[in-house]
Amino acid sequence: MTTIAKGADDPGRVSYCLGRIDEASKHLLSIINDILDMSKIEADKFEMKPVRFHLSDLIENVANIISVRAEAKGQSFAVSVADGMPETFVGDDNRVAQVLVNILSNAVKFTDDGGAIGLAVTGEARYGGGYFVKAAVSDDGIGISEEQQKELFEAFKQADAGTTRKYGGTGLGLALSSRIVEQMGGTITLASTLGEGSTFSIGFPLEIARAGTGEDAGSPDGDGGRNGEGRERGAAGKTPGDESGDGGGPRFDGKTILIAEDVDLNREIVTTMLEDTGVRIDEAANGAEAVRMYSADPARYDLILMDIQMPELDGFGAAKAIRGVAADAGSEGPPILAMSANAFKEDVEKSLASGMNEHLSKPVDYGILIDALGRYLRS
């Protein structure tokens, strides 16, 4: 997107690119923060910072963050706080808010448009002036099977590989939330049925603040007070290199390429990079769709750009299938160039073994992409 903005004359295009860059940078920052927190916990360097805070302010701030996300998906979001609960506590309010936002964000993400999300806060007094605040986060989303629940709180784990591709995320949110709750001496449990929804029950031991002691904590930002933003779990934007095409650049008039890539933003980036080259572009959102499009008109495509990780059928399988269709017609088929963030030697070898001609690493560099297209489309 930086490349596209640098080559754009239209202020509207530049503004759009800046918005995409902003979203991606915030997502990247949230991932880095999560990794740093996990590292601190594993190194036994994770510290709690107890302060005096108002529970109603904390819940309101968390609810404000989640409401925006729920409204964007047309979901209902209900918050309830039990009567008679103390108002002022002493504890690490930023960490409490961080956990609640993490769990609630997952509820929004894994619940279909128009679904329902709930946050119910209750509590009970403990001996010696302590109090156990309980928060139940419920949804009617995709749910989690009993087998998947066994590994759900492990770092970098998600329910299955398809979950990562469809919903995004790193698999750190629940693991980090679980570790934080454990560090606070609390509990977190899950009750879920596949296809019917989930309820996470979180308990935080806090101290009831005595009147006239300590200072009121500032309102939490719902993000651990680190980056001022909610915890985003969307698909990460992958940025290209630092060159841009122009009207005087290479031309591929009369050529047609097929881009197989399941992330809309990535297809948009490549399409925009090539818009001044004269090449025609068709788009497929997964490997299976790419095979269908090629099979329907094999002579149409002069080259295929193939992502590796895609739902339904990955890039390796799609490349093999396309080579099979071409072989049945007595040809090799068009050049297929892999596009993948997996760029180790074994990844490149696997791409070539599946029938691809070359392996391009993401983020896609404009110059490298144009050079590759020039080699194959001009030959």
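This report describes the nonpolar cores, a surface patch, the contacts of one glutamate and two backbone features in a predicted model.

The largest nonpolar core holds 46 residues, and within this core Leu 100, Ile 202 and Phe 204 are the members that touch the most others. At least two residues of this core come from each of helix H2, helix H3 (55–72), helix H4 (93–109), strand E4 (116–126), strand E5 (130–139), helix H7 (173–183), strand E6 (187–193) and strand E7 (197–208), and H4, with nine residues, provides the largest share. When residues up to four places away in sequence are set aside, Leu 100 is in contact with Leu 58, Ile 59, Val 62, Ala 135, Ile 202 and Phe 204. A second core, separate from this one, comprises 26 residues, among them Cys 17, Leu 303, Leu 360 and Ile 370. In soluble globular proteins, nonpolar side chains tend to be buried together.

On the surface, by contrast, Leu 28, Ile 32 and Leu 36 make up a nonpolar patch whose combined accessible area is about 270 Å². Leu 36 belongs to helix H2, which covers residues 11–42, and this leucine counts as partly exposed because its relative accessibility is 46%, a value between the 20% and 50% limits.

Glu 358 is located in strand E12, which spans residues 358–361. Its side chain takes part in the polar contacts tabulated here.

| Side-chain pair | Polar contact distance |
|---|---|
| Glu 358 and Arg 375 | 2.4 Å |
| Glu 358 and Tyr 376 | 2.9 Å |

Leaving out residues up to four places away in sequence, the residues that Glu 358 touches are Ile 336, Leu 337, Ala 338, Leu 352, Ala 372, Arg 375 and Tyr 376, so that both polar partners, Arg 375 and Tyr 376, appear again in this list.Two backbone features remain to be described. Most residues other than glycine have a negative phi, and most peptide bonds are trans. The peptide bond leading from Lys 362 to Pro 363 is cis, with an omega near 0°, and Pro 363 is situated in the loop that runs between E12 and helix H12 (366–377). Glu 312, although it is not a glycine, has a positive phi of about 70°, and this residue is placed in the loop between strand E10 (303–307) and helix H10 (315–328). Glu 312 counts as exposed because its relative accessibility is 65%, which is over the 50% limit.

Key: Residues are numbered from 1 along each chain as its sequence is written. This is a predicted model: local features need pLDDT of at least 70, side-chain atom pairs count only at pLDDT 80 or more; totals for chains, interfaces and linings use all residues. Side-chain values use heavy atoms; hydrogens and water are left out. Patches are made of residues with over 30% relative accessible area and no salt bridge: like charges are joined within 9 Å, nonpolar side chains (Val, Leu, Ile, Met, Phe, Trp, Tyr) within 5 Å. Accessible areas come from the Shrake-Rupley method with a 1.4 Å probe; for residues, only the protein chains shown count as cover. A salt bridge is a side-chain nitrogen of Lys or Arg within 4 Å of a carboxyl oxygen of Asp or Glu. Helices (H or I, at least four residues) and strands (E, at least two) are DSSP runs, numbered from the N terminus. Buried means under 20% relative accessible area, exposed over 50%, partly exposed in between (1.4 Å probe, protein chains only). A nonpolar core is a set of buried Ala, Val, Leu, Ile, Met, Phe, Trp, Tyr and Cys residues joined through side-chain atoms within 4.5 Å. Contact means heavy atoms within 4.5 Å. A polar contact is a pair of N or O atoms within 3.5 Å; within protein, one must be able to donate a hydrogen and the other to accept it, and residues adjacent in sequence count only if both atoms are side-chain atoms.
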